[in-house]
Amino acid sequence: MKKHNFNAGPSILPQYAIDQTAEAVKNFSGTGLSILEVSHRSKEVDAMNLEAMALFKELLDIPEGYRVLFLGGGASTQFFTIPYNLLETKAAYLVTGAWAKKAAKEAKLFGTMEVVATSEDKNFTYIPKGYSIPEDADYFHITTNNTIFGTEIKYDMDSPVTLVADMSSDIFSRPVDVSKYGLIYGGAQKNLAPAGLTFVIVKEEILGKVSRPMPTMVDYRTHIKSDSMFNTPPVFAIFTALQTMKWLKELGGVAAIQKTNIEKAKHLYDQIDGSKLFVATVPDPEDRSLMNVCFVMKPEYKELEGEFQTFASGKGMVGVKGHRDVGGFRASLYNAMPMESVDALIACMREFEAAH
Ligand SMILES: *Cc1c(COP(=O)(O)O)cnc(C)c1O
């Protein structure tokens, strides 16, 4: 039976990237060695690393003055690396979910952390609006896509201070005006690569302004100077990321994939909104994530949740279970998810609904 992979992360990757990676596991770039056993100092890996950085810049149209870094440690390591490098006195955070909250917590170790607004009062089912960003903050941190709760900031906001964004789960899902940000980061395991790779896009001029001493590995300038080769980078994950980016370029880049992403999400939200059994957890379409569609059974059908879960699994749906903080269901529709899988889930929901 065909499996439809709705996992939230690690998650679906393009078949092209998987096939190329399988090939490279056997023979990487004609070296006669596996990608798993080559030296990161070899000329082939060096070339691959530089090609991946260049394509990353090309696809997101990253302006001059910014650098792309490939690091380890996950987005969670960036939660403290960012204040280490950027927080002198005060940082501002928009708390839109569990990841944003974790990021904000780390900033407190380095100075004053101001929560500018939070949507925790309604279990993070909306994006706060009408707040003002303090002009005396060293930076303002946002999480553009809230993977767990299914909300998303789908535009690039203006900020009077350096804007920092966790884009773990929506990077490459739409064009981004990088010039509005000082730093963008994320774990690559949602929309780009297998686990192990963390990407950082940083504007060079925002660095070197804090007075505290920093461990070498934490200082972004260490990785800028060495093109992310100060220590051993996640070679394998960078290889797959490069293949995913080649696939994306081939199908027209981020503007093209954005169109598909909007269509895929619209299909599924329309199905949920017109349903007798299901209801979306995020009421305002403006705030709904295109990447992670969260929904539950209406209160009067709550007892059917387990039954639908089993029914969907039986039809080849994988990972449709909601995060434990939300319950219900979550269908992640990352770039590599074909419309065919969205249609299969919709058919499954219709069939279940007809039977109840
Ligand atoms: C998954 C996720 C993280 C955590 O990433 P790790 O790489 O596991 O540390 C952080 N932020 C967001 C928005 C995520 O989706």
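## Briefing: sheets, helices and a ligand site

Helix α4 (residues 98-107) lies across β3, β4, β5, β8 and β9, and runs at about 165° to β3. Keep in mind that this is a predicted model. The strands under α4 belong to an open sheet of seven strands, and there's also an open sheet of three strands elsewhere in the chain. A ligand is in the picture too, with 14 residues surrounding it.

**The seven-stranded sheet**

- Reading across this open sheet, the strand order is β2-β10-β9-β8-β5-β3-β4, and the pairing is mixed.
- At the edges sit β2 (66-71) and β4 (112-118), each of which pairs on one side only.
- Going from one strand to its neighbour, the average turn is 15°, if you ignore direction.
- For a closer look at one pair, take strand β3 (residues 90-95) and β4: they run in the parallel sense and are linked over six bridges.
- A92 has E114 in β4 as its bridge partner.

**Helices lying on that sheet**

- Helix α3 (residues 74-86) lies across β2, β3, β5 (139-143), β8 (162-166), β9 (183-187) and β10 (198-203).
- Relative to β9, α3 runs at about 155°.
- Helix α4 also covers β3, β5, β8 and β9, and it takes in β4 as well.

**The ligand surroundings**

- Of the 14 residues around the ligand, the closest are S76, T147, D166, Q189 and K190.
- S76 puts a polar side-chain atom 2.6 Å from an oxygen atom of the ligand.
- K190 does something similar from its own side chain, where an N or O atom is 2.6 Å from an oxygen atom of the ligand.
- With D166, the ligand atom involved is a nitrogen, and it is 2.6 Å from an N or O atom in the D166 side chain.
- If you're matching these to the fold, S76 falls within the residue range of α3 (74-86), and D166 within that of β8 (162-166).

**The α6/α7 helix pair**

- Helix α6 (residues 235-250) and helix α7 (residues 253-273) have axes that come within 7 Å and cross at roughly 80°.
- That crossing angle makes α6 roughly perpendicular to α7.
- On the α6 side the contact is made by W247, L248 and K249, and on the α7 side by G253, V254 and I257.
- Sorted by character, the contact residues come out as four nonpolar, one polar and one charged.

**The three-stranded sheet**

- This open sheet has the order β11-β12-β14, with antiparallel pairing.
- β11 (278-280) and β14 (329-332) are the edge strands, each pairing on one side only.
- The twist from one strand to the next averages 35°.
- β11 pairs with strand β12 (residues 292-297) over three bridges, in the antiparallel sense.
- Within β12, M297 is the residue standing opposite F278.
- Helix α7 turns up again here, lying across β11, β12 and β14 and running at about 15° to β12.

**Backbone spots to check**

- G9 and P10 are joined by a cis peptide bond, with omega about -10°.
- P10 is in the loop between β1 (4-5) and α1 (15-26).
- N123 isn't a glycine, yet it has a positive phi of about 50°.
- You'll find N123 in the loop between β4 and β5.

Technical notes: Residues are numbered from 1 along each chain as its sequence is written. This is a predicted model: local features need pLDDT of at least 70, side-chain atom pairs count only at pLDDT 80 or more; totals for chains, interfaces and linings use all residues. Side-chain values use heavy atoms; hydrogens and water are left out. Axes are lines fitted to C-alpha atoms, for helices over the stretch in contact, and angles run from 0 to 180 degrees between N-to-C directions. Helices (H or I, at least four residues) and strands (E, at least two) are DSSP runs, numbered from the N terminus. Angles under 35 degrees count as roughly parallel, over 145 as roughly antiparallel, 65 to 115 as roughly perpendicular and the rest as oblique. Contact means heavy atoms within 4.5 Å. Ala, Val, Leu, Ile, Met, Phe, Trp, Tyr, Cys and Pro count as nonpolar, Asp, Glu, Lys and Arg as charged, and the others, Gly among them, as polar. Two strands pair if DSSP finds at least two bridges between them. A residue is near a molecule or strand if one of its heavy atoms lies within 4 Å of it. A polar contact is a pair of N or O atoms within 3.5 Å; within protein, one must be able to donate a hydrogen and the other to accept it, and residues adjacent in sequence count only if both atoms are side-chain atoms.
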